[in-house]
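Please open the structure in a viewer that can select by residue number and display side chains. The tour proceeds by selection, each stop followed by a description of what is found there.

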Amino acid sequence: MRVLQVAVFLVLSPGLLLGQFLASGSKPAAEPAPFAPELVRHLEALRDAALSSDYAYHQLAYLTENIGPRPTGSAQADAAARHVADRMLAAGLDAKLEEVIVPHWVRGVETAELVEWRGHTAGTVQKIVVTALGGSTATPEEGLAADVVVVNDFDQLKALRREQVAGKIVFFNEKFDAQKASAGHWDEAYDEAVQYRASGAKAAAALGAVASLVRSVGGADYRLPHTGYSAPAGIPAGAVTAEDAETIEHLAKQGLVRMHLTLTPQLLPDTTGYNVIADLKGSEHPEEVVIVSGHLDSWDLGTGAIDDGAGVVIAMGAVQLMKELHLQPKRTIRMIAWMNEETGSRGGKAYAKAREAAMQAFKSGTIDAAALTAALLLTGLTAAQVASWVSLAVLRLGGGLRLQYGLELTPQAATLLRARVTALSDQRKRLLITDPQFVDALTALQLPPREINALRAAADAMLDELRAEKYDRPSVDQLVVMGMHGANLDYMKSLSTAGYHVGNTHRLVSLRDHGVSRDFIGGLTDAGYKNLSLDDLQELRDHGVTPDFIASLRRFGFADLTTGQLLEAQKVADREIEKVPPIHVPLQ
């Protein structure tokens, strides 16, 4: 992730960011105050407390020194999430962990040496300091040796013929513009250089390169390589130090340069990570949320102090001080420590996905009471608060009344909401009415006891079916997520019929999202691929390896391939299809 210029300055005091933002001493005396006097007093108290507090500094020290680097999927990332949640609970906030299915990429052996160049002394090598980029494919265990092609940008690469690149290592020698950065355009300088780290490997692989290297992005030298994310391209991708980049560039101008490169990272199966959510509930509009946040994960080569430990602890410090000073905001202040920003932002995407129904309702100006209820249950509001909020949303859209938390239900609103709940499908009712608290909420919505009892019976029937399928009673949150993703009882039973009992609700949702169905499993079984692991099923489906594709391979004499060979065949097919020029058919 991009590192803000001010971040180093900010970590020195948790309140500096807040203090600079709230400072009012430099305003002209004649300028009218933009806020009410009481609010100004609160802001000044918060500013002064922040400037004298060392809470955030100590939190950052613990994250970076006691826990250390926090790469996504690691034990340290898990420990950091639990630590932040514990600290927020200790500060008096309503804190919880929200699960996120995250990738788990780990670093391996990283070596490189020049083995041939002009003036090379027989029997010697020149060490090159290299590190793998996140998303990199591994070299063979013994490494690979290839000639190096040096380019400064994508235009120079495109100017080369395929035979000039195929079988070689492409080295992107884009230099970070330190002069532009020092002139105040750091972001622009970073963007110009980081594009080669992000997508250089894909451009090189398209021309047949066996590996891709970049000059480390940023202004720091001292022969230290800088890692980061590179979009997976099916070839090894790494970064070399600025000093080694200069050596490679100079030698390449004199003639052939050959390198031996070994990078052995691994992409392990997806695992469970956590976003940390900590709320300071609002007094008047708790359903309206103001987010202060940073991302908790980091790369593994450093301690993640700036990127983005500083962001996390500044957010923690802001809500901790508000609680300590007994400042009660009208709207909910939500501190979030995100997981997996560095390698895919799955934490942010999962957070948005879980609240998609509520967001869509506001965007479209219409409301699905059940979907909105499901989304609101995930925000941490109580069942009674959810019931009140849903009714108010219906009021707002139906009658144009001002949304005001705590407004009592009118008979008209109850009638409208009752009609909407009654119209829900049985499956949606079963998903939502699975908790005694929610039944209480239905009572608050003035649904007749007869309807509540019928819904309670439907919920009990669903839970009985889940138990019959060897699922323990899921939480309301889990049931809501399962319902939003279509991972319902019918889907569970279809997998069981195909011989797969998925006892983990998160895995069930993941399989459903990736399109692993009974028909897909049956097709693979008919093609001779039986008893595959869930990981194999998901990977084959992700890469488009279908029964029809397997059948087409057999027609060309390729039978009894392993799952790995099937995946490789699909990649080859995809690459060949990309080479086919588009056919333009004139419209009559």
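Begin by selecting histidine 285, which stands opposite arginine 331 of β12. The model on display is a predicted one.

**The sheet**

Extend the selection to β11 (285-295). β11 pairs with β12 in the parallel sense, over 8 bridges. Next, add the remaining strands: the open sheet has 4 strands in the order β1-β10-β12-β11, with mixed pairing. β1 and β11 are its edge strands, each pairing on one side only. On average, neighbouring strands of the sheet are turned by 25 degrees against each other, direction ignored. Then display α5, which packs on the sheet and touches β1, β10 and β12. The direction of α5 makes about 10 degrees with that of β10.

**The nonpolar core**

Select Val84, Met88, Val276, Leu296, Met316 and Met335, the residues with the most contacts inside the largest nonpolar core, a set of 36 residues. Elements that each supply at least two residues of this core include α3 (37-52), α4 (55-67), α5 (75-90) and β10 (266-280). Which helix gives the core its largest share? That share, 7 residues, comes from α11.

Centre the view on valine 276. Leaving aside residues up to four places away in sequence, valine 276 touches Ala81, Val84, Ala85, Lys96, Leu97, Leu296, Met335, Ile336 and Ala337.

**The salt bridges**

The whole structure contains 18 salt bridges. Select arginine 334 and aspartate 279, whose closest N and O atoms are 2.7 Å apart in a salt bridge. Arginine 334 belongs to strand β12 and aspartate 279 to strand β10, so this pair ties together parts that are 55 residues apart in sequence. Both arginine 334 and aspartate 279 are buried.

Move to lysine 180 and glutamate 192, whose side chains meet in a salt bridge at 2.6 Å, N to O. Lysine 180 is in helix α8 (residues 178-182) and glutamate 192 in helix α9 (residues 186-206), 12 residues apart. Glutamate 192 has a relative accessibility of 28% and counts as partly exposed.

Now select arginine 47 and aspartate 48, which form a salt bridge at 3.0 Å, N to O. Is each partner buried or partly exposed? Arginine 47 counts as buried at 16% relative accessibility, while aspartate 48 is partly exposed, with a relative accessible area of 40%.

For the last stop, select Lys175, Arg215, Glu246, Glu249 and Lys253, which are linked in a network of salt bridges.

Terms used. Residues numbered from 1 in each chain as written. Predicted model: local features only at pLDDT ≥ 70, side-chain atom pairs only at ≥ 80, totals over all residues. Heavy atoms only, no water. Core = buried A, V, L, I, M, F, W, Y, C linked by side-chain atoms within 4.5 Å. Buried < 20%, exposed > 50% of the residue type's maximum accessible area, 1.4 Å probe, protein only. Contact = heavy atoms within 4.5 Å. Pairing = 2+ DSSP bridges. Axes fitted to C-alpha atoms, helices over the stretch in contact; angles between N-to-C directions. Salt bridge = Lys/Arg side-chain N within 4 Å of Asp/Glu carboxyl O.
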